[in-house]
Amino acid sequence: MKRVFSLLEKNWLGTPIQFAWQKTSGNYLAVTGADHIVKIFDRHGQKRSEINLSGNCVAMDWDKDGDILAVIAEKSSCIYLWDANTNKTSQLDSGLRDQLSFLLWSKFGSFLAVGTVKGNLLIYNRQTSRKIPVIGKHTKRITCGCWNAENMLALGGEDKMITVSNQEGDTLRQTPVRSEPSDMQFSMMRTDDRTSTAERTISVVVGKRILFLFNLNEPDNPIDLEFQQRYGNIVCYSWYGDGYIMIGFSRGTLVVISTHIREIGQEIFQTRNHKDSLTSIAVSQTLNKAATCGDNCIKIHDLAELKDMYAIINLDDEHKGLGTLSWTDDGQLLALSTQRGALHVFLTKLPILGDACSTRIAHLTSLLEVTVANPVEGELPITVSVDVEPNFVAVGLYHLAVGMNNRAWFYVLGENAVKKLKDVEYLGTVASVCLYSDYASALFEGKVQLHLIESEMLDAQEEREMRLFPAVDDKCRILCHALTGDFLIYGTDTGVIQYFYIEDWQFVNDYRHPVSVKKIFPDPNGTRLVFIDEKSDGYVYCPVNDATYEIPDFSPTIKGVLWENWPMDKGVFIAYDDDKVYTYVFHKDTIQGSKVILAGSTKVPFSHKPLLLYNGELTCQTQSGKINNIYLSTHCFLDNLKDEGPHKLWQVLAQTLMLKRFSDAWELCKILNDHAAWIELARACLHHMEVEFAIRVYRTIGNGGMVMSLEQIKGIEDYNLLAGHLAMFSKDFNLAQDLYLASSCPIAALEMRRDLQHWDSALQLAKRLAPDQIPFISKEYAIQLEFTGDYVNALTHYEKGITGDNKEHDEVCLAGVAQMSIRMGDIRRGVNQALKHPSRVLKRDCGAILENMKQFSEAAQLYEKGLYYDKAASVYIRCKNWAKVGELLPHVSSPKIHLQYAKAKEADGRYKEAVVAYENAKQWNSAIRIYLDHLNNPEKAVSIVRETQSLDGAKMVARFFLQLSDYGSAIQFLVMSKCNNEAFTLAQQHNKMEIYADIIGSEDTTNEDYQSIALYFEGEKRHFQAGKFFLLCGQYSRALKHFLKCPSSEDNAAIEMAIETVGQAKDELLTSQLIDYLMGESDGVPK
């Protein structure tokens, strides 16, 4: 809160002063003390006029529009009227013969009520100059009163009566009060019924202690509100908001009550605002603020949040105490009178006027002061005192312009001083001015004037000093303009955006939009521009390629746009309204083309106007004329993030990628140390076609394949081709195809679709790009369709695939045609095709299909032609075509087929063929069976048994020989079939033990078998054989006994066997026995 000026007149000193702000505009302040003069000052503290009175001023009041100031003075029955427009004073005779005591203008119309010390009233209508005197309205002095919106006049007097009259002076109501009334106001009590908006409640202070509420709709139920004694007297009060009353008490307390019938009598808010005393309160509805003064300070509260103190102003030089507070209607200025006779005026809210050029900003810091600063480059702020209260401010690289109506004052900004350069009058009221280095442009009444700021500076040709747009013949109105280093740019009501190139002094570009262009905001270079049209839609326009891009989620309440001034962030801009700032990014080079995205929004404190955006820091201007910096929520990554959790870091990473701040994202990925984060960064690099950076990221995460792929494409200059490759790497194949087709190498789209096996798309592309590839793609597509079971389309594509000159390829297609024909049921065609085809494998595959379809004869035919004899024979067998099977048998290797054939032939009684087949099938037992049972050929059977050592076969042969009573052979084959017990029994029965013994001796036989033979021979007294078998089963003593018992006819052989026995036994006892025998010790006969 800044003190604009203080008034301290000698004549006023020591006496309280009265003052009144001009209503509506607040341009004038009327002040009077004890010097019989009303002085009129403007809002900057300059005296404009004075009115000489006959005595001290009793009362003064401005009419509702602020045109006429009415004053009444002691010792005069005249009313003084000062006209603000003509600066003239006139006197009006009241016609009342007594002293005037009260004066008030109506809220509507131009009625002036004047009261006297004897209770008489005059109502003067200024429009008609009609005076209505009303004698005896009150019986004593009229002290207070108020008008309402319906022009009812309420008055209070020393006679303790309140009267309500109409504008004709007729009394409508009257009511007595307990004590003298003062400070009367009309207002509206808060009710549940919201329809009525009439001011029907009169509030008045009675006896300085009670607030009396008198509702005209309920005259019999007035309300008396009494307050605590400790508060002291009611100093003043003010209605505000929805039926609330703020009351100031003499001992410093501030109380708020509600007049809602349910809450009446309750204090909504209460605070001891001043320690010793409170002298005045004032409420500004436009600002939504309340001010109180007391002790020697002013305190300002926000009505929305009364607990919060908005500002405190200390007045240490006022020792006698303060007087009255009053705001201007617009809330811009607050005036305070003091007991010693001074008047102070404070600035509470400035018009928010400011401008920026590059990183330099200029803004209004007081009503007649502009401050120029460059916070980015750290230059000290320069304050410039200006002559008028400006309506517009503009700043360039070296100049400042301020102005109002049709005039602008230009200043040169030097190193440390500011020099006034000149003032320029334009041909109409200026809406706005733009400056850059040498030129200024001013917009007024649908035209733009471009002119040199310092005409002496350039030895300019005459025509380059000034130019007016649009040309005379151009029937359009210019609605907005902007100036950059090279261009004047303006937008018109016909939707045209024109670029005028200052260096060549000619138009270089125009863009036509369907509706009118309301506002334009070029970026620092002028190569991109945001414009807002009359539908409140926003677009980014690039004059280089004449393209516009709609801004998404663009709020219709947007007031303006600022481009990022940080040189590294080219595409970032913000759009702001009263509550929020929306951060947008224009992505020029992405694989999806150029587009604008919304990166996020940031809440802006109340009444902050953004002036400059630099690296995520928004410099805003406030109502108090100060500068405040806000950091955009979309730029959190600029803070220190070391201690943040992963969830927050991921959010910040998403922001950096959206804003293309890849080096910041790299640092974040390092902190996160998460593979997924690196992948996200790499993906974003591909999206934004930052190939080099993507290679860095993929190299960091060890994805060699991607690094090599990107290395191959990084030199490609064709934008679409490069974007196509990157879209393919990002797995956006449809986009990749569109980009490839738009590039200089459209065939890449076909290659991609073939690699992906998207045959359908590949065929469509081949028709356009490479018709000679259609057969090859058709073949691949057919193979895939066959695999998925779509045989109809597979057949079509195989047929399309036949070229006629590529033998190998055509064979595959013809093979496909054959198989598909068969699957589709066109068997004859398929079989013929397969028979004609050179491939054996095809014949096998077609045969298998036919076999599944139970088409056996065709299947077998194909198998046979393909030399798959086993399969052919097996199918012939299934269809009982034995003749064919017989023909194929010499070529068949599968025992299973031979066996099937053999069984079939055996069943038919054709044993010779059966036996051959059984032998081929290696079914020896069946062959032996047939040789023995049916062909009576034991020799063959015996030879097979000997060859194959078949146990079952040997049994069969043995059985056969038993039937023939050839026991020797039977025993031989029983032993061969390991049926030793049966052979032994048979040998015992038929006295063929020698044969059995011979056979057993040549076989691998167990000791038990040898023992049983030995015991048999022992029983038969055949000592040599018994000994031999005892020797074989290892019973050496018994074997020796039998050998020594042998008759002399077998002597030599027996003695040899005995010696062998002793040799094997290695038993001294047996050895001595044998020696005794040989020496003839036992029988006296030496051998």
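Visitor: Why is Cys 293 called buried?

Guide: Happy to start there, keeping in mind that this is a predicted model. The relative accessible area of Cys 293 is 0%. Buried means under 20%, so Cys 293 earns the word.

Visitor: And what makes Cys 636 count as buried?

Guide: Its relative accessibility is 15%. The cut-off is under 20%, so Cys 636 counts as buried too.

Visitor: How do you know that Cys 293 is in no disulfide?

Guide: A disulfide needs a pair of cysteine sulfur atoms within 2.5 Å. By this rule the count comes to 0 disulfides. For Cys 293, the nearest cysteine sulfur belongs to Cys 236 and is 7.9 Å away, so the pair does not meet the cut-off of 2.5 Å.

Visitor: Let's turn to the backbone. What is notable about phi of Lys 208?

Guide: Lys 208 has a positive phi of about 65°, although it is not a glycine. Most residues other than glycine have a negative phi. Lys 208 sits in the loop between strand 19 (201–206) and strand 20 (210–215).

Visitor: Is Lys 208 called buried or exposed, and why?

Guide: Exposed means over 50%. Lys 208 has 53% relative accessibility, so the label is exposed.

Visitor: What about Trp 505: what is its phi, and is the residue buried or exposed?

Guide: Phi of Trp 505 is near 55°, again a positive value in a residue other than glycine. You can find Trp 505 in the loop between strand 47 (496–501) and strand 48 (506–512). With a relative accessible area of 13%, against a cut-off of under 20%, Trp 505 is buried.

Visitor: Which peptide bond at Pro 470 should I look at, and is it cis or trans?

Guide: Look at the bond from Phe 469 to Pro 470, which is cis, with omega near -10°. Most peptide bonds are trans. Pro 470 belongs to the loop between strand 44 (466–469) and strand 45 (478–483).

Visitor: Now a sheet. How do you know that strand 2 and strand 3 pair?

Guide: Pairing takes at least two bridges. Strand 2 is joined to strand 3 (residues 28–32) by 4 bridges, so the two strands pair, running antiparallel. Within this pair, Gln 18 stands opposite Thr 32 in strand 3.

Visitor: Which strands stand at the edges of that sheet, and why?

Guide: The open sheet has 4 strands in the order 2-3-4-5, with antiparallel pairing. Strand 2 (18–21) and strand 5 (47–52) each have a single partner strand, so one side of each is left without a neighbour in the sheet. Neighbouring strands here are turned by 20° against each other on average, direction ignored.

Key:
Residues numbered from 1 in each chain as written. Predicted model: local features only at pLDDT ≥ 70, side-chain atom pairs only at ≥ 80, totals over all residues. Heavy atoms only, no water. Buried < 20%, exposed > 50% of the residue type's maximum accessible area, 1.4 Å probe, protein only. Axes fitted to C-alpha atoms, helices over the stretch in contact; angles between N-to-C directions.
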